[in-house]
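Thanks for making time this morning. I would like to walk you through a few places in this model, so please have the sequence and the structure open while I talk.

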Amino acid sequence: MSIRAWGCAATLFAPVLGAGILFPAMAQASGIPYASNRPQSFQFSSDFTEPYNSVGQEFEYNDDRKRFDDHGNKVAGSNTETYVGLTSLLHYWKMDGLPNTGFIASITLPEIAVRGNGTRVSGLGDPLVGGLVWYNPTPLRTIGAQAYVQLPTGADSVSSDTYALWPSLFYNEWLGKVNIDLLVGAILRGDGPHHTEPGDTGHANLRLGYNIVDRPTYQVTPFLSADYQKTFGSDDRNNNYIEFSESNETALGAGVLFQLKPGVQKVFAQKMWDQVSIHYSKGVEGRNTTVTDGLFVQLWHYW
């Protein structure tokens, strides 16, 4: 089945990785990891026989006009706009002797652009390579773990120039028409540019969806989102704390997920439920970071 969504005992969605860009001049990390997730992001099914694949394209837009200062007040920000694309390719398979268990290997390539207020920066970002393992205690419940390595090979203008490990744990369950999707994880960073020591990040991402339309050929699921990140302070090359480098943010949002049954798109050799989701999220509390004021779109196809 697939790693993103369909409302039964099927596999569903691919991990969506929120872009966190570090602007050294501001010493602030922007963006909540996995902010573009949706319900059923980590709903998977081990009820398949042959390996399969999926490709996803995500689009993230943020209006950077406001930021949280060190006291948690919303003040004037960079007055720019940030655009992030995430192109992901995933491969799903099982192993004999491991019942109710599945695996995914994936690679995600970010495309980043920042525009406005005299700024014009763009390029391919640092790719993330890794995978996940899931287990189905029941057909409607999924638990698992994932890990990705971020490689600092992107364009100089947008690369973090830092190796990072993204480990996390996930849980998904259907309770009637309600889907609960939870991710808890971290970004563990290595040495940064110019011998700095960037702070690590912890994050939590919750999605609550309610399946209002469940037809034989399509499904419609509105949802609420809640995201949190905390980034610890960074040190300079002399191990001195970099002022205002510690940040946190809480963002709330809402959106809708549309799913299309296999067989409807015969021309594309569709194998699983394809998905399209759109949602808006707004930062409600934080320190030392750009306020989330963003629109997130995802498209996923399986074959």
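Strands β17 and β19 run antiparallel to one another and are paired over 8 bridges, and I should say at once that this is a predicted model. Within that pairing, V276 stands opposite L299 of β19. On its pairing with strand β16, which covers residues 247-260, β17 is again antiparallel, this time over 13 bridges, and there the partner of L260 in β17 is D274.

Those strands bring us to a feature of the surface, where F258, V276, I278, Y280, L295 and L299 form a nonpolar patch with about 490 Å² of accessible area together. Which strands each supply at least two residues of the patch? They are β17, spanning 274-287, and β19, spanning 293-302, and of the contributors β17 gives the most, with 3 residues. One member of the patch is Y280, which lies in strand β17. Y280 has a relative accessible area of 38%, and because that value falls between the 20% and 50% cut-offs, we call this residue partly exposed.

Let me move to another part of the chain, strand β13. In general, the side chains of a regular strand alternate between the two faces of the sheet. Along β13, residues 201-210, the side chains of T201, H203, N205, R207 and G209 point to one face and are buried, whereas G202, A204, L206, L208 and Y210 point to the other face and are not buried. Strand β12, residues 178-189, is joined to β13 by 10 bridges in the antiparallel sense, and in that pairing L183 has N205 as its bridge partner. β13 is also joined to strand β15, residues 218-231, by 9 bridges, and these two likewise run antiparallel; here the partner of H203 in β15 is Q229.

My last stop is H91, in strand β6, which covers residues 81-93. Is H91 buried or partly exposed? Its relative accessibility is 32%, so H91 counts as partly exposed. Leaving aside residues up to four places away in sequence, H91 touches P51, Y52, N53, F103, I104 and A105. With P51, the C-alpha to C-alpha distance is 7.3 Å, although H91 and P51 are 40 residues apart in sequence. With N53, there is a polar contact from side chain to side chain, at 2.7 Å.

Key:
Residues numbered from 1 in each chain as written. Predicted model: local features only at pLDDT ≥ 70, side-chain atom pairs only at ≥ 80, totals over all residues. Heavy atoms only, no water. Buried < 20%, exposed > 50% of the residue type's maximum accessible area, 1.4 Å probe, protein only. Helix = DSSP H or I, 4+ residues; strand = E, 2+ residues; numbered from the N terminus. Pairing = 2+ DSSP bridges. Patch = residues over 30% accessible without salt bridge, like charges linked within 9 Å, V, L, I, M, F, W, Y side chains within 5 Å. Areas by Shrake-Rupley, 256 points an atom, 1.4 Å probe, with all protein chains shown as cover. Salt bridge = Lys/Arg side-chain N within 4 Å of Asp/Glu carboxyl O. Contact = heavy atoms within 4.5 Å. Polar contact = N/O pair within 3.5 Å; in protein donor to acceptor, adjacent residues only side chain to side chain.
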